[in-house]
Each structure stands twice: as structure tokens, then as C-alpha cells.
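Please study the sequence and the structure shown below before attempting the exercises. Each task is followed by a solution in steps.

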Amino acid sequence: MLKGGITYTVESARVATFEGAKTEIPVSSIQKYMLDPDYKANRDFIKYEISPSDRTIELYKKGKLKLAYSVTYNSDKNTVLYYSKLGGTLLFIDKNNKKQNFKYPVKVYRYNTKGKLIAAGIHISENEGYLYDKNQKLIVHRLGDYGYSAKGKKTWKAQEVKF
């Protein structure tokens, strides 16, 4: 059996990421999510650390302060909705091209609440990815638990968030 792979540079990843990218999505497609329709239930799932069966909830915090959470419904695993912890107001939305039985690369596009593209990225593998701003400027190149700038400077280390 022969296995192969593709090696990406910052430039080749940029080209792959923005190839076929939509710079905006219809606001009507996200209108019903402007306020978390399941806010009370999601708040309780977070509070009692319960995992619901029909969705995945991920919590984002800084120190002990819980700032936001994301919801991915099993019925649409290609859309991730990010909400403010207080009030359940939509912050932004991610759309990806991941298909069942499809591993990598995976493209991810982040849109604001007006449907405008604000960032785009590509996951090359479980341990590597590139993230660009809407102007196609590199924000970070992630290798393992570390993020690097366009100049190769280590800019952050990932931390596991307990739910």
C-alpha cells in the first residue's frame, strides 16, 4: 500500500483556502440564530456539565471567566454557531466543507452576523492548520499546540478547556 501526502506552505495554503470561498452568505440563512433558540437549555447543559444528545456544546473561557460557547447541531455538522455566554447573542458563525468519511484538508469560513466573511482557514491535519483574515493575510500557522506568526515567531500555546 502506498500512502502520500501534500505539504503546504503559507502561500499554497492561502490559495487552497480561498479557492471557491464565498465572501458573504445570505443573512436570511442565519437570521433564526441571532439569538440562541436553545439558550436556556444550553445554559443548563453548561452549568450542570451535561452533554446533550442532539448537539455539541463547547465552552470558551479566559481563566475562570466563561465568555462564550459554541453549538454544533447533529443535523448540520458543517455549521458552528458562537454565542455570548450572557444572553445567547450570536457572535459569529463558522461554515466548513467537512464531509462524512472525509478527513483533511478541511476549509473553514467565519462570517459575522451580517453574513460577511471575516476569516478563513484550512486544517491540513489534526495537528496543523492555517488561519487568514478576510484580506488573506496570515493570522496564525498552528503546529501541534503552538501558533506561529508569518515570521515564524511562536505567538501562543493551546490550552485544553474543561467542560
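The exercises below concern a predicted model of a protein.

**Exercise 1. Secondary structure**

Task: State how many helices and strands the protein has, and in what order they run.

Solution.
Step 1. The count gives 2 helices and 10 strands.
Step 2. Reading from the N terminus, the order is α-α-β-β-β-β-β-β-β-β-β-β.

**Exercise 2. Overall dimensions**

Task: Compare the radius of gyration of the protein with the value for a compact globule.

Solution.
Step 1. For 163 residues, a compact globule would have a radius of gyration near 15 Å.
Step 2. The protein has 17 Å, which agrees with this expectation.
Step 3. Along the principal axes, the C-alpha atoms fill a box of roughly 45 × 35 × 35 Å.

**Exercise 3. Burial, surface and charge**

Task: What percentage of the residues is buried, how much accessible surface does the protein have, and how far apart are the mean positions of its charges?

Solution.
Step 1. A residue counts as buried when its relative accessible area is under 20%; 34% of the 163 residues meet this condition.
Step 2. The accessible surface comes to about 11000 Å². Carbon and sulfur atoms account for 53% of that surface.
Step 3. The protein carries 30 positive and 16 negative charges, and the mean positions of these two sets are 4 Å apart.

**Exercise 4. Contacts along the sequence**

Task: Consider contacts between residues at least 6 apart in sequence, and state what percentage joins residues at least 24 apart.

Solution.
Step 1. Contacts between residues at least 6 apart in sequence form the reference set.
Step 2. Of these contacts, 31% join residues at least 24 apart.

**Exercise 5. The pairings of strand β4**

Task: Which strands pair with β4, and which residues stand opposite Ile93?

Solution.
Step 1. Strand β3 (residues 79-84) pairs with β4 (residues 90-96) in the antiparallel sense, over 5 bridges.
Step 2. Strand β5 (residues 106-111) is also joined to β4, through 4 bridges, and these two strands run antiparallel.
Step 3. Ile93 of β4 stands opposite Leu81 and opposite Tyr111 in β5.
Step 4. The hairpin of β3 and β4 has 5 residues between the strands, and Gly87 there takes a positive phi near 95°.

**Exercise 6. The hairpin of β9 and β10**

Task: Describe how β9 and β10 pair, and name the glycine with a positive phi in their hairpin.

Solution.
Step 1. Strands β9 (residues 146-148) and β10 (residues 154-157) run antiparallel and are joined by 3 bridges.
Step 2. Tyr146 has Lys157 in β10 as its bridge partner.
Step 3. This hairpin has 5 residues between the strands, and the glycine is Gly152, with a positive phi near 85°.

Key: Residues numbered from 1 in each chain as written. Predicted model: local features only at pLDDT ≥ 70, side-chain atom pairs only at ≥ 80, totals over all residues. Heavy atoms only, no water. Rg over C-alpha atoms; globule rule 2.2 N^0.38 Å. Buried < 20%, exposed > 50% of the residue type's maximum accessible area, 1.4 Å probe, protein only. Contact = heavy atoms within 4.5 Å. Areas by Shrake-Rupley, 256 points an atom, 1.4 Å probe, with all protein chains shown as cover. Lys, Arg positive; Asp, Glu negative; His and termini not counted. Charge placed at Lys NZ, Arg CZ, Asp CG, Glu CD. Pairing = 2+ DSSP bridges.
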